[in-house]
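Let's take a walk through this one together, starting with a few aromatic rings and working outwards to the open spaces. Keep the viewer handy and turn things as we go.

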Amino acid sequence: MAAPMKKTVELFYDVVSPYTWIGFEVLCRYRTKWLNMDLQLKPFFLGGVMKESGNKPPAMVPNKGVYMIKDIQRLGKYYGIPLNQPKDFGSVMFGTLPVQRFLTAVDMAHPEYTEELSRQFWFRIWKNDEPVTDPQHYAEAAKKAGLCDDAIATALKRMKDQDVKDRLAQYTKQALDEGAFGSPWIVAHINGKKESIFGSDRFPILAMLLGKRRMAWPIKGIIEALNKQGICFGKFFEVN
Ligand SMILES: N[C@@H](CCC(=O)N[C@@H](CS)C(=O)NCC(=O)O)C(=O)O
């Protein structure tokens, strides 16, 4: 019997967002095993999404900011993703445009590194509290992602080129056109129609839309260390 057609799922994301890291890891983990999807990673600029949609970063509501610190800690523990609150998140919050441009430059030339480079940026910001302000920081992340020195040097030059800026703007606009107001923004293509989902807390809904069986959340507290990065995830089982 022919394998069922994979459905396309686009993940629009900015590495500034801790919730997006969770969404990214869960989607990467289950892209074949559970959801059988063609996952397309689309770096966008969350600052632009916020501005154009008239939204504001949630932490600007003081009680939400306090809640989110706790929420992110708990989520990290639950998913086995090493999330730590950066000491000076305020400066990171408005500063990921060059990071997303560098990521875009790499994605345009070497898309096979997009996933790992994104993860390395999340490690820098949300695990190790390392800066992401200078070209040297981008080079360090890219090196860890496995890019060679030539490719890194080219991406550092290319990130300032108009076509790279345009591609980032294009993905940002695409997400806005699909109704985005935050990150992660997930667009599932289902039988010629598109369904948008906001957040990393809607996977049972994504599964339903993709016609998959419901997923049960971690059973019996079994957590397995899964990938070479030392990230571990909750173990999921399908149920009816
Ligand atoms: N409930 C969502 C929250 C995601 C979230 O708060 N994302 C932030 C960026 S870190 C955002 O874009 N928020 C916009 C908003 O809440 O309107 C989840 O659990 O993933």
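## Rings, buried threonines and empty space

Phe 12 and Phe 44 are both buried. Keep in mind that we're looking at a predicted model here. Phe 12 sits in strand S1, while Phe 44 is in the loop between strand S2 (37–43) and helix H2 (46–53), so this pair ties together parts that are 32 residues apart in sequence. In general, you describe a pair of aromatic rings by how far apart the centres are and the angle between the planes. For Phe 12 and Phe 44 the ring centres are 6.2 Å apart and the planes meet at 35°, so the pair counts as tilted.

Now swing over to Phe 121 and Tyr 138, which are both buried as well. Their ring centres are 6.1 Å apart with the planes at 75°, so this pair is edge-to-face. Phe 121 belongs to helix H6 and Tyr 138 to helix H7 (residues 135–145), so to speak two distant parts of the chain, 17 residues apart, linked by the pair. How many aromatic pairs are there in total? The count comes to 15. There's also an aromatic cluster to pick out, made up of Tyr 13, Trp 21, Phe 24, Trp 122 and Phe 123.

Trp 122 from that cluster brings us to Ser 17, since Ser 17 touches Trp 122, along with Trp 126 and Ser 183, leaving aside residues up to four places away in sequence. Ser 17 is worth a stop: an unreviewed UniProt entry lists Ser 17 under "active site". You'll find Ser 17 in the loop between strand S1 (7–13) and helix H1 (18–30). Is Ser 17 buried or exposed? Its relative accessible area is 6%, and the cut-off for buried is under 20%, so Ser 17 counts as buried.

Tyr 13, another member of the cluster, leads to Thr 114. Leaving out residues up to four places away in sequence, Thr 114 touches Tyr 13, Leu 41, Leu 103 and Asp 107. Thr 114 is part of helix H6 (residues 114–127), and with a relative accessibility of 2% Thr 114 counts as buried. Check the distance to Leu 103 too: the two residues are 11 apart along the chain, and their C-alpha atoms are separated by 6.9 Å.

A second threonine is Thr 104, found in helix H5. At 1% relative accessibility, Thr 104 is buried. Beyond residues up to four places away in sequence, the contacts of Thr 104 are Pro 43, Val 164, Arg 167 and Leu 168.

Next, have a look at helix H2. Its buried residues are Leu 46, Gly 48, Val 49 and Met 50, and these pack against helix H9 (162–177). Just after H2, Gly 54 takes a positive phi of about 80°.

That leaves the empty space. As a general idea, rolling a probe the size of a water molecule over the atoms shows where such space is left. What holds the most room among the pockets is one with about 990 Å³ of space, the largest pocket. The largest pocket has 42 lining residues, and those nearest its centre are Tyr 19, Pro 58, Ala 59, Met 68 and Ser 183. Notice that Ser 183 is also one of the contacts of Ser 17. H1, H2, helix H3 (62–79) and helix H4 (89–93) each supply at least two lining residues, with H3 giving the largest share, 10 residues. By type, the lining of the largest pocket divides into 24 nonpolar, 10 polar and eight charged residues.

Finally, there's one cavity of 30 Å³ or more. The largest cavity holds about 40 Å³ of space, and its lining consists of Ala 105, Val 106, Ala 109, His 110, Ala 151, Thr 154, Ala 155 and Arg 158. Helix H5 (97–109) and helix H8 (149–158) are the elements that give two or more residues to this lining, and H8 gives the most, with four. The lining of the largest cavity splits into five nonpolar, two polar and one charged.

How values were computed
Residues numbered from 1 in each chain as written. Predicted model: local features only at pLDDT ≥ 70, side-chain atom pairs only at ≥ 80, totals over all residues. Heavy atoms only, no water. 1 Å grid on protein atoms, 1.4 Å probe; cavity = no way out; pocket = protein on both sides within 12 Å on 5 of 7 lines; lining within 4 Å. Points joined across faces, edges and corners; volume = space filled by probe spheres on them. Nonpolar A, V, L, I, M, F, W, Y, C, P; charged D, E, K, R; others polar. UniProt positions renumbered as here; feature names shortened; annotations may be inferred. Buried < 20%, exposed > 50% of the residue type's maximum accessible area, 1.4 Å probe, protein only. Contact = heavy atoms within 4.5 Å. Phe/Tyr/Trp six-rings, centres within 6.5 Å; stacked < 30°, edge-to-face > 60°.
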